[in-house]
Amino acid sequence: MRMYDMIYKKREGQELTQEEINFFINQYTEGSIPDYQVSAMLMAIYFRGMSKKETYYLTEAMRFSGDVIDLSEIEGIKVDKHSTGGVGDTTTLVVGPLVASCGVPVAKMSGRGLGHTGGTIDKLESIPGFHVELSIEQFIHTVNRVKLAVVGQSGHLAPADKKLYALRDVTATVDNIELIASSIMSKKLAAGSNAIILDVKIGNGAFMKTLDEGIKLAKEMVNIGNYANRETIALLTSMEQPLGNAVGNALEVKEAIDTLNNNGPEDLEELCIHLASYMLLMSKKTNSIDEGIKITTQKLKSGEAFAKFKEFIQAQGGDISVIDDTTKLPQAKYITKIKSISAGYIQGIKTNEIGLAALTLGAGRENKAASIDLSAGLQMHKKIGDQVSIGDTIATIHTNKKESIEQACNMILNALEFSKGSIPKPKLIQAIVSKDEIKIL
C-alpha cells in the first residue's frame with residue numbers, strides 16, 4: 001500500500017477500505033508516514049467527507065492505536081458521559097455522585113482544560129490532597145467499592161488521535177463532522193464503558209453553533225457508538241449562556257457542592273438530573289426517563305448524592321473538610337463586583353466572551369504547557385431573561401492578576417445584550433438523538 005494512492009483515491013471522492021485506513025493510522029502513529037502526506041489526506045477528507053463505514057473504521061483504528069481499558073472487573077453496566085465542552089460545564093462533579101448513589105458504577109477518565117474550557121481534572125485538583133492519578137487496579141477497586149472514580153486520561157489512550165488532532169489544528173481541518181466525531185469516540189470507546197451518554201453543546205459558547213450542526217455531530221457519534229455495540233444517546237443542550245453561574249475551577253467545585261446541597265443554579269441541576277436519568281436507563285437500573293428523574297431527584301433532595309460525593313473525594317485522598325467549608329478552597333486575592341451600566345432585560349450573552357474573560361483572569365490555559373490559577377474565574381449573577389437596573393451587580397470576578405481586572409470587566413459588560421421588553425429564558429435541552437430517532441423538544 002502507498003499513502004499517495006490513498007490520498008488520490010480520497011481526493012477523487014472514493015471510499016477507503018478498512019485495511020487502507022488501518023494502514024494509514026498505524027503507519028502514521030509509528031512515524032513512518034510524514035506530516036505533509038497526512039495533511040493532504042486530512043484536507044481531502046475535509047472536502048470530500050467520509051462515509052459512515054469510513055468514519056467507523058477511522059474511529060476503530062485510532063481506538064486501538066494505544067491502550068484499551070478493560071473494565072470487565074467492575075460489577076454492573078458501566079455508563080460513560082462526555083460533554084463536547086462549553087463555559088461553566090460542571091456536570092461531571094454532580095452527575096457522578098448522583099448516579100453512583102443509585103448503585104450504578106461510574107468509571108470516568110477525564111482531561112484537563114485548554115483555552116477557556118475547564119477540565120474536570122483541574123476542577124478536582126482544587127480540592128487539597130485529591131489524587132487524579134490511580135493505577136488501573138486502584139481505579140477498578142475504587143469504582144467497585146465507592147461506585148465512582150475520576151482519573152486523568154491515560155497518556156497512551158488513542159495516541160493516533162493526539163497526533164492527528166495536533167495536525168488538524170495547524171492545517172485548518174478541525175471543523176469537519178466526521179473527524180470531530182471519530183476523535184471524540186475513539187477515546188470514549190478506548191475508555192471501556194458499556195454505554196455512552198453524550199452532552200452535545202450548541203450555541204455561541206460551543207463548537208457547534210446551531211441545532212442542525214449539533215444534530216449532525218450527534219448522529220455521527222451515536223452511529224459510531226452503536227456500530228461498536230455501545231448503546232449511545234446524545235442530548236443537545238444550549239450553550240447560549242454559561243451553564244450555572246460559576247466559570248473557573250474552584251468556583252465550579254463550590255457550585256457543584258451547592259448543587260448537591262440543593263442550593264445550586266436551576267439550569268445546572270436540571271441538566272444533571274436528566275443526564276443521570278439517561279445513565280440509569282442505559283444501565284438497566286430503570287425502565288424510563290421519568291422513573292430516573294424521580295429517583296435521581298430523590299437522591300439529590302435526601303442528601304444521598306452529597307454523601308456519595310464526600311465518599312468519592314475521600315477515597316481519592318481529598319480533604320473532605322473542604323466540602324463542608326468551601327472557604328478552604330483556593331481563594332483569589334482580588335474579588336471585584338461588576339455593576340451594570342445598562343438597564344432592561346438581558347436578551348443575549350456572548351458566552352465565548354465570558355469564557356475568554358475567565359481565561360484572562362487566569363482560569364484557563366493558553367496552551368497545554370501553561371499553568372492555571374485554580375482560584376481564578378467569575379460568577380454570573382444575571383442571565384438571559386433577567387431584569388437589570390443600572391448599578392445592579394451582574395458578575396463577580398476572582399483573580400490574582402490585578403492588571404487583568406479592567407480588561408475582564410469590559411469583556412463581561414460588552415458580552416451582554418439588552419432588550420427593553422421581557423425575554424423568555426432559553427430552553428436548556430433542545431433535542432435527543434438515539435439510534436432509532438431524533439426528537440426535537
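Two strands count as paired if at least two bridges are found between them by DSSP. The exercises below apply this rule to a predicted model.

**Exercise 1. Determine the order of the strands in the open five-stranded sheet, and explain which strands stand at its edges.**

Step 1. The order of the strands is β1-β4-β5-β13-β14, and the pairing is mixed.

Step 2. β1 (79-83) and β14 (438-440) each have a single partner strand, so one side of each lacks a neighbour in the sheet, and these two strands form the edges.

Step 3. From one strand to the next, the twist averages 15 degrees.

**Exercise 2. State the sense, parallel or antiparallel, in which β1 pairs with β4, β5 with β13, and β13 with β14.**

Step 1. Recall that strands of a sheet pair through backbone hydrogen bonds, in either a parallel or an antiparallel manner.

Step 2. Five bridges link β1 to β4 (residues 195-202) in the parallel sense. Within this pair, Val79 has Ala195 of β4 as its bridge partner.

Step 3. β5 and β13 run antiparallel and are joined by four bridges. Here Leu236 stands opposite Ala431 in β13.

Step 4. β13 and β14 also run antiparallel, with three bridges between them. Val433 is found opposite Ile438 in β14. These two strands make a hairpin, with four residues between them.

**Exercise 3. Explain why β13 is described as largely enclosed, and identify the strands across which helix α10 lies.**

Step 1. A residue is buried if its relative accessible area is under 20%.

Step 2. Four of the five residues of β13 are buried, and therefore the rest of the structure largely encloses this strand.

Step 3. Helix α10 (residues 211-227) lies across β4, β5 (231-238), β13 (429-433) and β14. The helix runs at about 165 degrees to β5.

**Exercise 4. Describe the second largest cavity by its volume, its lining and the classes of its lining residues.**

Step 1. The structure holds five cavities of 30 Å³ or more. The second largest contains about 50 Å³ of space.

Step 2. The residues that line the second largest cavity are Lys81, Thr92, Val95, Gly96, Val106, Lys108, Leu148, Val150 and Met279.

Step 3. At least two lining residues come from each of α5 (91-100), β2 (106-110) and β3 (148-152). The greatest contribution is that of α5, with three residues.

Step 4. Sorted by class, the lining comprises five nonpolar, two polar and two charged residues. Gly is counted among the polar residues in this sorting.

Notes:
Residues are numbered from 1 along each chain as its sequence is written. This is a predicted model: local features need pLDDT of at least 70, side-chain atom pairs count only at pLDDT 80 or more; totals for chains, interfaces and linings use all residues. Side-chain values use heavy atoms; hydrogens and water are left out. Axes are lines fitted to C-alpha atoms, for helices over the stretch in contact, and angles run from 0 to 180 degrees between N-to-C directions. Contact means heavy atoms within 4.5 Å. On a 1 Å grid over the protein atoms alone, a cavity is a set of points where a 1.4 Å probe fits but cannot get out, and a pocket is an open set with protein on both sides within 12 Å along at least five of seven lines; lining residues have an atom within 4 Å of a point. Grid points are joined across faces, edges and corners, and a volume is the space filled by probe spheres set on the points. Buried means under 20% relative accessible area, exposed over 50%, partly exposed in between (1.4 Å probe, protein chains only).
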